[in-house]
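Let's take a walk through a protein chain together. Have the sequence and the 3D view open, and look up each residue as we come to it.

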Amino acid sequence: MDDLETRELRYFAAVAEELHFGRAAERLGIAQPPLSRAIAQLERRLGVQLLERNRRGVELTEAGRVLLRESRLALDAVAAAARRARRAGDSQLILATKAGASHELLQRLLDSPEAPPVEILLCEVGEQAGLLRDGSADVAIMHRPYDDVAGFDTEDLHVEGQVAILPAAHPLAARDTLTMAEVSDVPDLPIARWPRLDGSYPDGPGPEVRTQSKLAQLVALGRTLLVIPASSRAWQWPEHVAVPVVDAPDVTTVIGWPPNSRSPELAALVRAAVALRTESPVG
């Protein structure tokens with residue numbers, strides 16, 4: 001069997017996601033008959049039925065669900081390869097990091113005479129892995145266990161505790177320390193819910209948050225609290241107070257990059273970041 005073409009994968013993914021040949025054809029900017037023929041030819045080449053046709057549209061077979069998952073991965077990889085190729089002549093690295101996260105460490109890294117020039121790509125919670133995988137970033141500052149580091153090469157940079165960010169007017173803001181049990185059960189201040197690695201949210205009464213600006217506003221309004229790594233409170237507002245949470249799990253800051261990189265600039269940046277481990281703790 002000949003290798004599959006990216007055009008075939010794009011056609012199939014459009015039909016599989018729309019579950020309708022007409023809508024898929026419109027999305028692709030082609031006529032419906034050649035799209036139908038292309039999918040039928042793909043099924044013949046693979047020797048399996050990918051779609052169940054009916055009067056309402058189409059449904060995916062088990063083989064179709066597998067191919068959709070693999071098609072998305074393959075198309076993402078092709079797009080990432082194109083982005084990296086277009087930027088191959090540019091020696092400046094793009095470093096992705098959550099806005100406000102590990103601010104002091106990042107500043108020291110940028111100030112290091114051993115670090116090559118980098119462009120900073122600020123992102124929201126959990127977005128670094130996607131930016132690395134699709135070629136939008138070359139390297140990222142991430143936090144384990146909260147961020148998805150699977151499949152990347154990494155170096156640990158810093159281990160730290162966590163703090164609760166509370167409205168300054170709340171009684172708990174006057175405490176010297178707190179415990180996870182105390183911050184997890186505040187009737188008038190439910191803890192904010194961050195997305196898991198798969199993008200879903202845990203159950204609970206607190207608001208679902210993804211953007212730091214939304215979260216900061218909700219805390220200032222007395223609607224929620226959150227627990228974050230101590231060094232990520234650089235965005236803390238005057239209306240906020242940070243209180244150490246003594247039994248919160250430690251968080252490890254890592255620098256991560258796609259495996260098998262041959263970039264000398266990236267290697268130099270990682271060396272500069274690792275050198276910071278031997279210096280004073282990052283606050």
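## A guided walk along the chain

P145 sits in the loop between β5 and β6. Keep in mind that what you see is a predicted model. Look at the bond leading into this proline: the peptide bond from R144 to P145 is cis, with omega near 15°.

The same loop holds a second residue to find, D147, which pairs with K98 in strand β3. Their side chains meet in a salt bridge, 2.8 Å from N to O. Because K98 belongs to β3 and D147 to the loop between β5 and β6, this pair ties together parts that are 49 residues apart in sequence. Are these two partners buried or exposed? K98 is buried because its relative accessible area is 11%, and D147 is buried too, with 5%.

Why can such pairs form at all? Side chains of opposite charge can pair when their charged atoms come close. A search of the whole structure finds 15 salt bridges, so let's visit some others.

E43 forms a salt bridge with R53, and the closest N and O atoms are 3.0 Å apart. E43 is part of helix α3 (residues 32-46) and R53 of strand β1 (residues 51-54), so the pair ties together parts that are ten residues apart in sequence. With 11% relative accessibility, E43 counts as buried, whereas R53 is partly exposed because its relative accessible area is 39%.

Next, find E155 and R277, whose side chains meet in a salt bridge of 3.3 Å, N to O. This pair links distant parts of the chain: E155 is in strand β6 and R277 in the segment after α9, 122 residues apart. E155 counts as partly exposed at 29% relative accessibility, and R277 counts as partly exposed at 40%. Salt bridges can also join up: E17, E18, R23, R27 and R72 are linked in a network of them.

Now turn to the start of the chain. An unreviewed UniProt entry carries the annotation "domain: HTH lysR-type" for residues 4-61. In the model, residues 4-61 are 62% helix and 14% strand, and the end C-alpha atoms of this stretch are 19 Å apart. Within it, pause at L19, in the loop between α1 (6-18) and α2 (21-28). Its phi is near 55°, a positive value in a residue other than glycine. L19 counts as partly exposed because its relative accessible area is 34%.

Helix α4 (residues 62-86) contains G64. With 0% relative accessibility, G64 counts as buried. Which residues touch G64, leaving aside its neighbours within four places in sequence? The contacts are F12 and L50. You can also use G64 to get a sense of distance: its C-alpha atom is 34 Å from that of R144, and the two residues are 80 places apart along the chain.

Let's move on to helix α9 (residues 264-275). At 1.5 Å a residue, its twelve residues should span 16 Å, and the end C-alpha atoms are 17 Å apart, which agrees. In α9, L266, A268, L269, V270, A272 and A273 are buried. What covers these buried residues? The cover includes β3 (93-98), α5, β4 (118-123), β5 (139-144), β6 (153-160) and β10 (251-257).

In the loop between β10 and α9 you will find N260. Phi of N260 is near 65°, a positive value in a residue other than glycine. N260 counts as exposed because its relative accessibility is 61%.

For a buried residue, go to H240 in strand β9 (residues 240-245). H240 has 4% relative accessibility, so it counts as buried. Setting aside neighbours within four places in sequence, H240 is in contact with I165, L166, A168, A216, V219, A220 and W235.

Our last stop is on the surface. L110, I120 and L122 make a nonpolar surface patch of about 250 Å². L110 belongs to helix α5 (residues 103-111), and it counts as partly exposed because its relative accessibility is 37%.

Conventions
Residues numbered from 1 in each chain as written. Predicted model: local features only at pLDDT ≥ 70, side-chain atom pairs only at ≥ 80, totals over all residues. Heavy atoms only, no water. Patch = residues over 30% accessible without salt bridge, like charges linked within 9 Å, V, L, I, M, F, W, Y side chains within 5 Å. Areas by Shrake-Rupley, 256 points an atom, 1.4 Å probe, with all protein chains shown as cover. Salt bridge = Lys/Arg side-chain N within 4 Å of Asp/Glu carboxyl O. Helix = DSSP H or I, 4+ residues; strand = E, 2+ residues; numbered from the N terminus. Buried < 20%, exposed > 50% of the residue type's maximum accessible area, 1.4 Å probe, protein only. Expected span 1.5 Å × (residues − 1). Contact = heavy atoms within 4.5 Å. UniProt positions renumbered as here; feature names shortened; annotations may be inferred.
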